[in-house]
Each structure stands twice: as structure tokens, then as C-alpha cells.
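Please open the model in a viewer and keep the selection tool at hand. The tour below proceeds from ring pairs to strands.

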Amino acid sequence: MLVRQIVDSGLAQFAYLVGCPRTGEAIVIDPERDVDRYFDVAARHKLRIVAAVDTHIHADYLSGLREMAERGVLVYASREGGPDWQYEWLLRSAYQFRLLGHGDIFKVGLIEFQAVHTPGHTPEHLSYLVRDTGAGATDPMALASGDFVFVGDVGRPDLLE
């Protein structure tokens, strides 16, 4: 499994490219709208981006999930959080997408992602447990938490009201 953190220091925003070198497939977690940089990183590692996922509906930057969908990438988004916290632009689209709830699993190459509903930062927030099944892992090796968990800290709830 290959993991690359892509940083926007101006926004203090992190996106992650997670790739399976054995199959050549990759996913981008929490992409910003300038998606070319993710495709450049993937190409440098001989990977092709086949999926993208948001951990939550972002208020601090513009998500690149739609830009990924426009390039034919399968996108994943949360179906949690109730009617006020849905990806309405996605639901009314012809894009390839899958809505995820707590416990749902999907794979990119030999890497497995399991959605964990982690409301708090936002009501629909999902974190993703990551397992490298190609390496025989049965336990998660990582948690992609978006703005929910930080090293030594937790994310603040959005100030919704």
C-alpha cells in the first residue's frame, strides 16, 4: 500500500492518495478542487485514480469531489446525518457514486475501506478504517478521519448555528 499526504498549508488541509501498487488503482481522500495535483502524484507512482471520497461536507475549503466525478472517477459520500446533511448535487447527478453508511465496506485494488460514522465535526461525518488485504492484514492499519481525530487532539464541531 502506498500513502501520500498532499498538503495545502494555506488552508491547513490534508488530502491523501492511497494506492495499491499491485493493481495500479488509487483513491483520493478529501480532495480539493485543484485535482490535477492528485493525478500528477498518482502518475509519478504509476497509479490511476479510480475513486475519491469525502469524509464530510466541508465548510473550510471547496471539496474536489465533483471535479473527480466529472473526470469519470467513482465517488463515495456519506448517507448519514439526516435530510439536511446530504450531498444533493450528487443525488441529482448522473455521476458514478455510492452513498455509504456506518459499517459499509468498499475496496480500491486490494485495499479495504470501512466507513465509521463519526458525527461531531459534522452530523454526516464518516471516518474510514483502512486495511491492506493484499498484505494479508485483517486489522486496520490506518484511520482516515478528516477533521475528526488529530494526533493528540480531536476536531471541533462545526459552529452550525
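Rings of Phe, Tyr and Trp (its six-membered ring) count as a pair if their centres lie within 6.5 Å. On this criterion the structure, which is a predicted model, holds four aromatic pairs.

Select Phe106 and Phe113 to begin. Their rings are stacked, at 5.1 Å centre to centre and with 10° between the planes. Phe106 is buried, with a relative accessible area of 4%; Phe113 is also buried, at 1%.

Keep Phe106 and add Tyr128. This pair is edge-to-face, with 6.2 Å between the centres and 75° between the planes. The pair links distant parts of the chain: Phe106 belongs to strand β7 (residues 105-108) and Tyr128 to strand β9 (residues 126-132), 22 residues apart. Both Phe106 and Tyr128 are buried.

Next, add Tyr76 to the selection. Ring pairs link Tyr76, Phe106, Phe113 and Tyr128 into a cluster.

From Tyr76, turn to the strands. In β5, Tyr76 is the bridge partner of Val53. Select strand β5 (residues 74-78) together with β4: the two run parallel and are joined by three bridges.

Now select strand β3 (residues 25-29) with strand β4 (residues 48-53). These strands also run parallel, and five bridges join them. Among the residues to display here are Ile29 and its bridge partner in β4, Val53.

Finally, which handedness does the unit of β3, helix α1 and β4 have? Select helix α1 (residues 36-44) along with the two strands: the β-α-β unit is right-handed.

Definitions and conventions. Residues numbered from 1 in each chain as written. Predicted model: local features only at pLDDT ≥ 70, side-chain atom pairs only at ≥ 80, totals over all residues. Heavy atoms only, no water. Phe/Tyr/Trp six-rings, centres within 6.5 Å; stacked < 30°, edge-to-face > 60°. Buried < 20%, exposed > 50% of the residue type's maximum accessible area, 1.4 Å probe, protein only. Helix = DSSP H or I, 4+ residues; strand = E, 2+ residues; numbered from the N terminus. Pairing = 2+ DSSP bridges. Right-handed = clockwise from strand over helix to strand, strands pointing away.
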